[in-house]
Structure formats: C-alpha cells, structure tokens
Amino acid sequence: MKKPIRNLMNKLLSYDLYKQGNIVRWAGRHVIVHENDAEHMHYVTQLTMILCKHFEIDEHRTLLACQLAATHDWGETITNDVNFVVKRKNPAIKEGLDSQELEFMKTTPLFEEYSLALKDELVKKIVDCADSIDVLYYINREKMLGNRTDIVTDVWNEAEKRVMNLLVSIKNLKEKDV
C-alpha cells in the first residue's frame with residue numbers, strides 16, 4: 001500500500017507546480033506591484049466562474065472553462081511570460097511560444113481537459129475575457145498606486161477594447177447555443 005502512495009506523491013511533486021509562483025508577469029516593464037503566473041491564473045479562474053454564472057453557462061462548460069483558466073498559462077513555466085503586446089506585434093514569436101507551451105501541456109495530467117476546453121469556442125472566449133479582465137484589474141491597481149507610464153494607458157485601452165468585444169462575442173455565442 002505504501003508504494004502506490006509514494007509513487008503518486010512522487011508523480012505529483014514532479015509537476016513542479018510551484019514554478020508558476022516564480023514566473024513574473026510584466027517582466028521588463030516598469031510596474032509597482034509584481035504579480036506571478038500562479039496569482040494570475042487564480043484571478044482568471046475566479047473571473048471565469050463569475051462570467052459563467054453571469055451568462056448562465058451549464059455545469060459541464062463551467063468546469064471546462066475553470067480547468068482551462070486554472071491551467072491556461074501553465075506552459076509559461078518553460079517559456080516564461082511574454083505579454084500580449086509583444087505577441088501581437090511579433091506573430092512568429094507568439095506562434096513559437098504557443099507551440100512550446102502546447103508541447104509542455106501534453107506532458108501534464110490535465111492535457112485531455114485542456115484540449116477539450118480549447119475545442120469549445122464559448123469556453124475559450126470566456127477564459128480569454130477573464131484573462132483580459134484580469135489585465136484591467138492589474139493595470140487599474142497600477143494606476144491607483146501612481147504608475148503613469150505609457151504602458152498603463154496603452155495596455156488599458158487595448159485590454160478594455162478586447163473585453164468589450166469578447167463580452168459581445170460571448171453573449172452572441174450563448175444566444176446561438178440556446
């Protein structure tokens with residue numbers, strides 16, 4: 001009995017989940033409060049739950065959305081965090097990072113759930129929206145603490161547009177689904 005338990009414990013420890021706490025978001029940017037990937041994925045998961053409740057998403061899709069939200073940046077433990085502005089301006093970099101992160105996700109015990117969630121357009125939009133809302137929360141905190149750098153204005157404006165567009169998309173997808 002001890003050997004299977006020890007094997008399970010060793011397997012769980014091999015995933016190095018605490019690395020997510022070492023991945024600093026907004027690296028290379030002037031920020032007042034530092035945030036890591038573990039914190040970010042926690043916030044995105046909570047926001048995903050709120051969005052699912054607001055849009056009256058069924059339990060199965062809510063679970064898929066929460067699973068995706070809780071793991072959406074897990075691959076950054078090997079690539080580190082590269083913010084969306086850099087990825088948008090450099091599609092080849094984004095493609096390379098996405099490929100490496102997907103290869104990493106294939107090695108995790110949650111890959112099946114992760115890939116199922118990615119196949120559901122509504123689930124993807126909800127998590128993308130929650131991710132973008134978290135950007136707004138973060139940037140708003142930076143503004144309140146006195147950060148007046150260009151990134152605050154630029155990122156706020158871009159994220160706000162993304163959130164508005166995603167909310168409309170979610171509403172439309174939900175209406176088609178009914």
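**Exercise 1. How helices H2 and H8 cross**

Task: In this predicted model, work out how H2 and H8 are arranged: is their crossing right-handed or left-handed, and which residues of the two helices meet?

Solution.

Step 1. Start with the hand: H2 and H8 make a right-handed crossing.

Step 2. Next, look at the geometry. Two packed helices are described by the angle between their axes and the distance between the axes. For H2 (residues 37-54) and H8 (residues 121-144), the angle is about 120° and the axes are 8 Å apart.

Step 3. Now put a word to that angle. Roughly perpendicular covers 65 to 115 degrees, and roughly antiparallel begins over 145. H2 and H8 are therefore oblique to each other.

Step 4. Finally, find the residues that touch. From H2 come His40, Tyr43, Val44, Leu47, Thr48, Leu51 and Cys52. Their partners in H8 are Ile126, Val127, Cys129, Ala130, Asp131, Ile133, Asp134 and Tyr137.

**Exercise 2. H8 and its other partner, H9**

Task: Describe the packing of H8 with H9, and find which residues Ser132 contacts beyond its neighbours within four places in sequence.

Solution.

Step 1. Helix H9 spans residues 150-177, and its axis comes within 8 Å of the axis of H8, at a crossing angle of roughly 150°. That makes H8 roughly antiparallel to H9, since the cut-off for this class is over 145 degrees.

Step 2. Check the hand here too: the crossing of H8 and H9 is left-handed.

Step 3. Zoom in on one residue of H8, Ser132. With a relative accessible area of 0%, Ser132 is buried.

Step 4. Leave out the neighbours within four places in sequence, and Ser132 is in contact with Ala159, Arg162, Val163 and Leu166.

**Exercise 3. A tour of helix H2**

Task: Follow H2 from its start to just past its end. What caps its N-terminal end, which of its residues are buried, and what follows H2?

Solution.

Step 1. At the start, Asn36 acts as the N-terminal cap, with a side-chain oxygen 2.9 Å from the backbone nitrogen of Ala38.

Step 2. Along the helix, compare the expected and modelled spans. The 18 residues of H2 should cover 26 Å at 1.5 Å a residue, and the end C-alpha atoms are 25 Å apart, so the two agree.

Step 3. List the buried positions: Asp37, His40, Met41, Val44, Thr45, Leu47, Thr48, Leu51 and Cys52. These buried residues of H2 pack against H3, H4, H8 and H9.

Step 4. Past the end comes Glu56, in the loop between H2 and helix H3 (59-71). Glu56 is not a glycine, yet its phi is positive, at about 55°. Because its relative accessibility is 64%, Glu56 counts as exposed.

**Exercise 4. Other positive phi values**

Task: Where do Asp16 and Asn80 sit, and what phi does each take?

Solution.

Step 1. Begin with helix H1, whose 13 residues (2-14) reach 18 Å from first to last C-alpha, close to the 18 Å expected at 1.5 Å a residue. Just after H1 comes Asp16, with a positive phi of about 50°.

Step 2. Asn80 is in the loop between helix H4 (76-79) and helix H5 (84-89). Its phi is near 75°, a positive value in a residue other than glycine.

Step 3. For accessibility, Asn80 has 39%, so it counts as partly exposed.

**Exercise 5. Three loop residues**

Task: For Thr108, Leu110 and Ile32, decide whether each is buried, partly exposed or exposed, then find a partner for each.

Solution.

Step 1. Thr108 is in the loop between helix H6 (91-105) and helix H7 (111-118). At 8% relative accessibility, under the 20% cut-off, Thr108 counts as buried. A polar atom of its side chain lies 2.8 Å from the backbone oxygen of Met105.

Step 2. Leu110 also lies in the loop between H6 and H7, and its relative accessible area of 36% makes it partly exposed. Beyond its neighbours within four places in sequence, Leu110 is in contact with Thr71 and Trp74.

Step 3. Ile32 belongs to the loop between H1 and H2 and is partly exposed at 39%. Setting aside neighbours within four places, Ile32 contacts Glu142, Leu145, Gly146 and Asn147. Take Leu145 as one of these partners: Ile32 and Leu145 are 113 residues apart along the chain, while their C-alpha atoms are separated by 7.3 Å.

Conventions:
Residues numbered from 1 in each chain as written. Predicted model: local features only at pLDDT ≥ 70, side-chain atom pairs only at ≥ 80, totals over all residues. Heavy atoms only, no water. Helix = DSSP H or I, 4+ residues; strand = E, 2+ residues; numbered from the N terminus. Expected span 1.5 Å × (residues − 1). Buried < 20%, exposed > 50% of the residue type's maximum accessible area, 1.4 Å probe, protein only. Polar contact = N/O pair within 3.5 Å; in protein donor to acceptor, adjacent residues only side chain to side chain. Axes fitted to C-alpha atoms, helices over the stretch in contact; angles between N-to-C directions. Parallel < 35°, antiparallel > 145°, perpendicular 65-115°, else oblique. Left-handed = near helix turned anticlockwise from the far one by under 90°. Contact = heavy atoms within 4.5 Å.
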